[in-house]
Amino acid sequence: MVDLKGQYLKIKDEVDKGIMEVIETTSFIKGPAVQQFQTHLEDYLDVKHVIPCGNGTDALQVAMMALGLRPGDEIITTSFTFIATAEVIALLGLIPVLVDVNPDTYNIDPTAIRNAITDKTKAIVPVHLFGQSAPMEEIMDIAQEFSLFVIEDNAQAIGADYIFDDGGKKKIGTIGHMGCTSFFPSKNLGAYGDGGAIFTNDNQLAEQLRAVVNHGMKVRYYHDYVGVNSRLDSMQAAILDVKLKHLDEYCDARRKAADYYDNAFANCDKLKTPVRYEKSTHVFHQYTLVTNNVDREALKSFLAEKGIPMMVYYPVPLHMQKAYKSNRYSEGDFPITEALSENVISLPMHTELTTEQLEYITSNVLEFLNQ
Ligand SMILES: Cc1ncc(COP(=O)(O)O)c(C=O)c1O
């Protein structure tokens with residue numbers, strides 16, 4: 001699904017140099033490489049504060065910890081996402097309130113958010129799934145109306161722009177009160193291990209977030225909050241700093257591959273190609289199609305025999321996961337999410353896909369579908 005080796009070879013000298021510098025200075029934790037990457041990411045995103053942390057799941061957890069929520073408070077999020085989004089809500093004793101998504105963009109539906117608001121609702125966590133923005137203006141309007149916090153889960157869409165009604169643009173993840181991202185290796189900006197970050201334009205929240213990731217202390221050994229230990233290590237920061245310079249070029253490469261897939265499948269009535277939301281650029285963390293009357297398992301086996309990977313993100317909606325079963329929901333409650341879970345497929349998507357590879361993948365998919 002990804003080609004991290006091919007990507008590394010193109011930037012090997014820069015990356016190796018960055019790693020060696022960290023080793024030579026032995027500043028493995030909180031070294032200058034972390035500070036440098038933080039500053040460069042703040043500039044790239046045009047956001048006041050980037051708070052690096054251990055991974056994307058921690059980023060979400062720390063963001064929620066900084067809001068001072070109480071057990072039983074409700075957080076509205078999407079039923080169609082990776083588990084981490086809801087996991088941290090549950091872990092903190094908060095209630096994940098799941099809602100359905102838009103069938104075209106797979107992103108959280110603002111009308112469903114509105115219908116799920118109660119007097120216990122404290123925050124909304126939109127996920128920018130597969131590489132494009134959730135409808136942020138509508139979400140921010142709802143948040144303002146009901147005095148809710150918005151934490152953007154931007155693990156999958158770093159680099160994408162949101163385009164406002166007035167034509168202005170902002171990087172996704174910098175529109176809500178906080179944005180969270182993951183630097184998991186396969187992400188669009190991926191480290192060579194774990195990593196994550198929180199973004200905010202709010203000085204007070206930033207101060208709290210920096211304390212929470214560091215055992216809740218602002219001054220050493222004085223703990224103002226219950227915190228965690230969640231750090232981006234210096235080697236990962238050095239690698240990410242190199243890769244950040246290439247992020248826009250990586251996004252372009254992904255979009256080019258997506259264009260190829262779109263064209264190849266344009267006339268295939270068994271596949272619905274990804275709909276590009278007009279208010280967002282798409283950075284194609286995944287290239288995810290909706291199949292129509294296709295035996296996914298048979299397609300997967302057929303492609304596997306040809307050496308082509310295919311994945312299903314995500315096969316089980318959150319409300320149907322064993323650990324998250326609740327009296328609140330039953331099967332059938334989120335028809336769009338459930339239909340997507342049954343019918344989506346994701347094809348290889350990364351920065352190193354060649355025309356030959358894309359031709360090989362698409363012709364084999366079409367061969368299976370036309371047989
Ligand atoms: C939407 C979403 N949220 C959160 C995460 C968690 O990130 P991490 O794996 O770095 O903890 C991921 C990563 O897989 C993700 O895709």
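Is Arg276 buried, partly exposed or exposed? Arg276 is partly exposed, because its relative accessible area is 33%, and partly exposed is the class between under 20% and over 50%. The legends below describe close-up views of a predicted model.

**View 1. Asp259 and Arg276 meet in a salt bridge.** The side chains of Asp259 and Arg276 come to 2.7 Å, N to O. The pair links distant parts of the chain, 17 residues apart. Asp259 lies in helix H9, which covers residues 247–265, while Arg276 sits in the loop between S12 and strand S13 (287–291). Asp259 has a relative accessible area of 36%, so this residue is partly exposed. Arg276, at 33%, is partly exposed. Elsewhere, Glu137, Asp165 and Lys279 are joined into one network by salt bridges that share partners.

**View 2. Lys272 and Asp104 form a salt bridge.** The closest N and O atoms of this pair are 2.7 Å apart. Lys272 belongs to strand S12 (residues 271–272) and Asp104 to the loop between strand S3 (95–99) and helix H5 (110–116), so the salt bridge ties together parts that are 168 residues apart in sequence. How exposed is Lys272? With a relative accessible area of 33%, Lys272 is partly exposed. Asp104 is also partly exposed, and its relative accessible area is 33%.

**View 3. Arg328 and Glu74 form a salt bridge.** Here the closest N and O atoms are 3.0 Å apart. Arg328 lies in the loop between helix H10 (296–305) and helix H11 (335–343), and Glu74 lies in strand S2 (residues 74–78), so the pair ties together parts that are 254 residues apart in sequence. Why does Glu74 count as buried? Glu74 counts as buried because its relative accessibility is 7%, and buried means under 20%. Arg328, at 42% relative accessibility, counts as partly exposed. Side chains of opposite charge can pair when their charged atoms come close. The structure holds 15 salt bridges.

**View 4. The largest pocket holds about 460 Å³ of space.** Its lining is made of 25 residues. Which of them lie nearest the centre of the pocket? They are Phe82, Gln156, Ser182, Phe184 and Lys187. Helix H3 (56–65) and helix H4 (84–91) each supply at least two residues of the lining. H3 gives the most, with three residues. Sorted by class, the lining of this pocket has eleven nonpolar, ten polar and four charged residues.

**View 5. The largest cavity has a volume of about 70 Å³.** A search of the whole structure finds two cavities of 30 Å³ or more. The residues that line the largest cavity include Val2, Asp3, Leu4 and Gln7. Also among them are Pro185, Ser186, Lys187 and Asn188, as well as Lys243, Arg254, His350 and Thr351. Lys187 thus appears in the lining of this cavity and in that of the largest pocket. By class, the lining of the largest cavity has three nonpolar, five polar and four charged residues.

**View 6. The second largest cavity has a volume of about 50 Å³.** Asp104, the partner of Lys272 in View 2, is one of the residues that line this cavity. Others in the lining include Thr105, Tyr106, Leu129, Phe130 and Gln132. Pro274, Val275, His282, Gln286 and Thr288 are also among the lining residues. By class, the lining of the second largest cavity divides into five nonpolar, five polar and one charged.

**View 7. Met20, Ile23, Phe28 and Ile29 make a nonpolar surface patch.** The patch covers about 340 Å². Met20 lies in helix H1, which spans residues 4–25. How exposed is Met20? Met20 is partly exposed, with a relative accessible area of 40%.

**View 8. Asp269 lies in the loop between H9 and S12.** Asp269 is exposed because its relative accessible area is 66%, and exposed means over 50%. Ile29, one of the residues of the patch in View 7, is 240 residues from Asp269 along the chain. The C-alpha atoms of Asp269 and Ile29 are separated by 53 Å.

Notes. Residues numbered from 1 in each chain as written. Predicted model: local features only at pLDDT ≥ 70, side-chain atom pairs only at ≥ 80, totals over all residues. Heavy atoms only, no water. 1 Å grid on protein atoms, 1.4 Å probe; cavity = no way out; pocket = protein on both sides within 12 Å on 5 of 7 lines; lining within 4 Å. Points joined across faces, edges and corners; volume = space filled by probe spheres on them. Helix = DSSP H or I, 4+ residues; strand = E, 2+ residues; numbered from the N terminus. Nonpolar A, V, L, I, M, F, W, Y, C, P; charged D, E, K, R; others polar. Patch = residues over 30% accessible without salt bridge, like charges linked within 9 Å, V, L, I, M, F, W, Y side chains within 5 Å. Areas by Shrake-Rupley, 256 points an atom, 1.4 Å probe, with all protein chains shown as cover. Salt bridge = Lys/Arg side-chain N within 4 Å of Asp/Glu carboxyl O. Buried < 20%, exposed > 50% of the residue type's maximum accessible area, 1.4 Å probe, protein only.
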